[in-house]
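Reader: I would like a close look at a single part of this protein, and after that an account of how other parts are arranged. Please take the pairing of strands as the starting point.

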Amino acid sequence: MRWVLVTLCSDDWVDQAKQLFASVYFDGNWRDDFCLMAYRLSDENKQWFLDRGIDVYDIEQIYNTDYYNNKSKMLLLKHNLFSNYFKKWDYVFFLDSDIICLQDLNEIKHINLEKKPKFIGAVKSDGKFSGNIQNYNRSKIIKDYKSEKDVIQIIHRNDVNQSIRLKINVIEKIIGKKIIPNKNVFNTGVLVFSTNFIEDGMVQDIKDFTTPFADIFITGDQIAFNLLFYDKVTAIDRKWNCMGKEVLENAVIRHFIFTGEKKPWEMNGPFRKKWNENLKRAEEILII
Ligand SMILES: [Mn+2]
């Protein structure tokens, strides 16, 4: 079986990607393929990865404008994982670049996804659907929706908050399902799937779905995938994505999510020493 471990970065996130690869190479003993999904990376930065045997796949953002500048550029890139490009491998193991691998990763290859080729393996987060969508308030949406005339007036007034509520209604129509605000989302920092999951046109479909709602999708790809793939996710052991305040003896992957904790590269961040060591030894990565 051909496996590829994937992360993504832009020019301002290169050290994070280097650290991640060093971490999975040295501590994770990963010797299968590596791929970097690169968002507008400079030639010099790209070459660094190529020189170490890391495949570089150029990707585009859902938004190419300055519109998204106040949010992280990394938020809407992950849909590129579902490109036919990845069909040259049998399995994709995606890791966010705000992750440190703590021990051997190879056991992931034994989780039985063969029975579930149309599923993505992921770990549930503490976050809820409501927290992933800006100004989510279901009872208010219903209250505001009195008649079609009201709706037209709202659109004409171009009231931002009103249109957010409209959008949630539209999302529910598209996915054919009511969003359950208190339901936990799965975290998209660690994803594992068979490339049989990938279908022609999937990247475009995800883009088309996400674009009109990008302004209210606080967690970007994460909430988009949760809405689109809500019935196609299978839970994997939490040790594969130990995040937030969770402490697990057998954690393989430590994920530094935004809520309530510092990132390891920040001043006084957790695992900062380890993170810096990994970044240093990234130079020695050599994938044959
Ligand atoms: Mn993350």
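Which residue in β10 is the bridge partner of Met 243?

Author: The model discussed here is a predicted one, and in it the bridge partner of Met 243 is His 255, a residue of β10. Met 243 itself belongs to β9, the strand made of residues 242-243, while β10 covers residues 253-255, and these two strands run in the parallel sense where they pair, over two bridges. Pairing of this kind rests on backbone hydrogen bonds, and strands of a sheet can pair either parallel or antiparallel. The sheet that holds the two strands is open and consists of three strands, ordered β5-β10-β9, with mixed pairing. Its edges are formed by β5, residues 99-101, and by β9, each of which pairs on one side only.

Around this sheet, the protein as a whole has nine helices and 10 strands. Of its 288 residues, 38% count as buried, and among contacts with a separation of 6 or more, 75% join residues that are 24 or more positions apart.

Turning to the helices, α1 (residues 14-27) packs with α9 (residues 272-281) at an angle of about 90°, and the two axes are 8 Å apart. Because angles of 65 to 115 degrees count as roughly perpendicular, α1 and α9 are described in that way. On the α1 side the contact is made by Asp 15, Lys 18, Gln 19, Ala 22, Ser 23 and Phe 26, which meet Trp 275, Asn 278, Leu 279 and Arg 281 of α9. Taken by character, the residues of this contact comprise four nonpolar, three polar and three charged ones.

Helix α8, residues 221-228, is mostly covered, since seven of its eight residues are buried. These buried residues are Asp 221, Gln 222, Ile 223, Ala 224, Phe 225, Asn 226 and Leu 227. Leu 227 also offers a link to another helix, for its C-alpha lies 9.0 Å from that of Glu 172, although the two residues are 55 apart in sequence.

Glu 172 is placed in helix α6, which spans residues 160-175. Its surroundings hold 15 other C-beta atoms within 10 Å, and Glu 172 is therefore partly exposed, whereas Leu 227 is among the buried residues of α8. Leaving aside residues up to four places away in sequence, Glu 172 touches Lys 177, Lys 178 and Ile 179.

Technical notes: Residues numbered from 1 in each chain as written. Predicted model: local features only at pLDDT ≥ 70, side-chain atom pairs only at ≥ 80, totals over all residues. Axes fitted to C-alpha atoms, helices over the stretch in contact; angles between N-to-C directions. Helix = DSSP H or I, 4+ residues; strand = E, 2+ residues; numbered from the N terminus. Parallel < 35°, antiparallel > 145°, perpendicular 65-115°, else oblique. Contact = placed C-beta atoms within 7 Å. Nonpolar A, V, L, I, M, F, W, Y, C, P; charged D, E, K, R; others polar. Pairing = 2+ DSSP bridges. Buried ≥ 20, exposed ≤ 12 C-beta atoms within 10 Å, placed from the backbone.
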